[in-house]
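Reader: Before I rely on any label attached to this model, I would like to see each one set against the rule behind it. Could we go through them in turn?

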Amino acid sequence: VGLALVAAVAIGAVMNKEAIMADGDLVLLPLAPVDPRSLIQGDYMRLDYAMNRDLAGSKNWPDDGHVVMRLDEHDVATFVQIYYGQPLAESEIRLRYRRRGGRFKIGPNAFYFQEGHAPHYEDARYGAVRVSHSGDVVLVGLRNEDFTPSGPPVGE
């Protein structure tokens, strides 16, 4: 019974992520600069979002909540305010955030790729995420400064 319960929870989590990837809104989160020595480590890239650093001084916020983000014509998100249930404008969305150890976290902090493909991702400037209506985020790729996908050429 315990094993079935664990399997059901895992399957539910996977189905939720798949639904976000299929139906979520595409949003580009600007990446913050990171130490180049730790940017690419083996088969993954450590990610830090500019917004995480921008929110670092917000000490009186709850540890878990939502922020309102405004999207520009390229779907690049910029912080507007904390979300308290107010109506959102047409160009605004909400993202779930968590604060742990004084650091804000919005979105995954790593992007995994095939071994040997690191040079194809060095130009990444945005984390491409899909966002559900409830503010949950799933990383679906990286984009470069001209908003096109970073990565190896098709067929490589």
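**Labels and their cut-offs**

Reader: Why does Arg70 count as partly exposed?

Author: Arg70 has a relative accessibility of 39%, and since buried means under 20% relative accessible area and exposed over 50%, with partly exposed in between (1.4 Å probe, protein chains only), Arg70 falls in the middle class. Please keep in mind that this is a predicted model, in which local features need pLDDT of at least 70 and side-chain atom pairs count only at pLDDT 80 or more, whereas totals for chains, interfaces and linings use all residues. Residues are numbered from 1 along each chain as its sequence is written, and side-chain values use heavy atoms, with hydrogens and water left out.

Reader: What makes Glu92 and Arg70 a salt bridge?

Author: The rule asks for a side-chain nitrogen of Lys or Arg within 4 Å of a carboxyl oxygen of Asp or Glu, and the closest N and O atoms of Glu92 and Arg70 are 3.0 Å apart, so the pair meets it. Glu92 belongs to strand 6 and Arg70 to strand 4, 22 residues apart, and the pair thus links distant parts of the chain; helices (H or I, at least four residues) and strands (E, at least two) are DSSP runs, numbered from the N terminus. Unlike Arg70, which is partly exposed, Glu92 is buried, with a relative accessible area of 12%.

Reader: How many salt bridges does this rule give?

Author: The count comes to four, and one of them joins Asp64 to Arg100, with the closest N and O atoms 3.1 Å apart. This pair also links distant parts of the chain, with Asp64 in strand 4 (residues 64–71) and Arg100 in strand 6 (residues 92–100), 36 residues apart. Asp64 is partly exposed at 43% relative accessibility, and Arg100 is partly exposed at 46%.

Reader: How do you know that Arg96 and Asp136 meet in a salt bridge?

Author: Their side chains come to 2.6 Å, N to O, so the distance is within the cut-off for a salt bridge. Arg96 lies in strand 6 and Asp136 in the loop between strand 9 (126–131) and strand 10 (137–143), so the pair ties together parts that are 40 residues apart in sequence. Arg96 is partly exposed at 30% relative accessible area, and Asp136 is partly exposed at 22%.

Reader: What makes Trp61 and Phe79 an aromatic pair, and why is it called tilted?

Author: Rings of Phe, Tyr and Trp (its six-membered ring) pair if their centres lie within 6.5 Å, and planes under 30 degrees apart count as stacked, over 60 as edge-to-face and the rest as tilted. The model holds eight aromatic pairs by this rule. For Trp61 and Phe79 the centres are 5.9 Å apart and the planes 40 degrees apart, so the rings pair and the pair is tilted. Trp61 lies in the loop between helix 3 (50–54) and strand 4, and Phe79 in strand 5 (residues 77–82), 18 residues apart. Trp61 is buried at 13% relative accessibility, while Phe79 is partly exposed at 32%.

Reader: Which residues do ring pairs link into a cluster?

Author: The cluster consists of Trp61, Phe79, Tyr97 and Phe104.

Reader: Why are strand 4 and strand 5 said to be joined?

Author: Two strands pair if DSSP finds at least two bridges between them, and five bridges join strand 4 to strand 5, which run antiparallel, so the condition is met. Val67 stands opposite Ile82 in strand 5. The two strands form a hairpin with five residues between them, and Asp75 in the turn has a positive phi of about 70 degrees.

Reader: Where is Asp48, and is it buried or exposed?

Author: Asp48 sits in the loop between strand 3 (44–46) and helix 3, and since its relative accessibility is 5%, it counts as buried. Asp48 and Pro30 are 18 residues apart in sequence, and their C-alpha atoms are 8.8 Å apart in space.
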